Amino acid sequence: MTARALLRLLAALAAGTLFGFGLSLSGMVDPARVLGFLDLAGRWDPSLAFVLAGAVAMAVPGVLLQRRMARPVLDDQFHLPQKTRIDARLLAGSAIFGVGWGLAGFCPGPAVSALSTGLPPVILFVAAMAVGMIVHDRLLAGRHS
């Protein structure tokens, strides 16, 4: 392994650890809290709006910095999405993601972070999510690219 590859691995580990810590600290790994935030017609809990605002406040300077850079520090090029068109597949996938998030109270990042709790529903959710990702990757991903 080259020094650059090791640095990339360490940077990814640090970023993932910081992201998971932030999700835990903010309450995003608590499905009841997330569902309370999504329940606009019921007992709405607006506290996660501050998490969203904080995430945007952290992301905007990063995006502005990225636009000024010729290439990333630890790679030869930025790997940004090439497709910019909104199509039926994107809308369907977004709808499935939103419905799943609203039913379970988890999206992928917080679910993986919540694995540290060892709770059976969390383990079941992550296992089902992994199976869905593998099935999509093996059966559907190559058909529409």
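## Exercises on a predicted model

Gln82 counts as exposed, with a relative accessibility of 72%. Keep that in mind as you work through these exercises on a predicted model.

**Exercise 1. Work out whether Ser26 is buried or exposed, and find what surrounds it.**

*Solution.*
- Start with the place: Ser26 belongs to helix 1, residues 3–26.
- Next, take the relative accessible area, which is 14% for Ser26. The cut-off for buried is under 20%, so Ser26 is buried.
- Now follow the side chain of Ser26: it reaches the backbone oxygen of Leu23 at 3.1 Å.
- Finally, leave out residues up to four places away in sequence; Ser26 then touches Arg33, Leu48 and Val51.

**Exercise 2. Describe where Gln82 lies and how far it is from Phe125.**

*Solution.*
- Find the loop between helix 3 (47–68) and helix 4; Gln82 lies there.
- Compare the relative accessibility of Gln82, 72%, with the cut-off for exposed, over 50%. Gln82 therefore counts as exposed.
- Look at the side chain of Gln82, which reaches the backbone oxygen of Leu80 at 3.0 Å.
- Then go from Gln82 to Phe125: they are 43 residues apart in sequence, and their C-alpha atoms are 30 Å apart in space.

**Exercise 3. Decide how helix 2 and helix 4 are oriented to each other, and name the residues that meet.**

*Solution.*
- Locate helix 2 at residues 31–38 and helix 4 at residues 88–104.
- Their axes come within 8 Å and cross at roughly 120 degrees.
- Angles of 65 to 115 degrees count as roughly perpendicular and those over 145 as roughly antiparallel. Helix 2 and helix 4 are therefore oblique to each other.
- On the helix 2 side, the residues are Pro31, Val34, Leu35 and Leu38; they meet Trp101, Gly102, Leu103 and Ala104 of helix 4.
- Sorted by class, this contact has seven nonpolar residues, one polar and no charged ones.

**Exercise 4. Find the members of the largest nonpolar core and the helix that gives the most to it.**

*Solution.*
- List the 11 residues: Leu23, Met28, Val29, Val34, Leu48, Phe106, Ala111, Ala114, Val122, Val126 and Met129.
- Check which elements give two or more residues to this core: helix 5 (108–114) and helix 6 (120–140).
- Helix 6 gives the most, with three residues.
- Zoom in on one member, Met28: leaving aside neighbours within four places in sequence, Met28 is in contact with Leu23, Val34, Leu48, Val51, Trp101 and Pro110.
- As background, nonpolar side chains tend to be buried together in soluble globular proteins.

Methods: Residues numbered from 1 in each chain as written. Predicted model: local features only at pLDDT ≥ 70, side-chain atom pairs only at ≥ 80, totals over all residues. Heavy atoms only, no water. Core = buried A, V, L, I, M, F, W, Y, C linked by side-chain atoms within 4.5 Å. Buried < 20%, exposed > 50% of the residue type's maximum accessible area, 1.4 Å probe, protein only. Helix = DSSP H or I, 4+ residues; strand = E, 2+ residues; numbered from the N terminus. Contact = heavy atoms within 4.5 Å. Axes fitted to C-alpha atoms, helices over the stretch in contact; angles between N-to-C directions. Parallel < 35°, antiparallel > 145°, perpendicular 65-115°, else oblique. Nonpolar A, V, L, I, M, F, W, Y, C, P; charged D, E, K, R; others polar. Polar contact = N/O pair within 3.5 Å; in protein donor to acceptor, adjacent residues only side chain to side chain.
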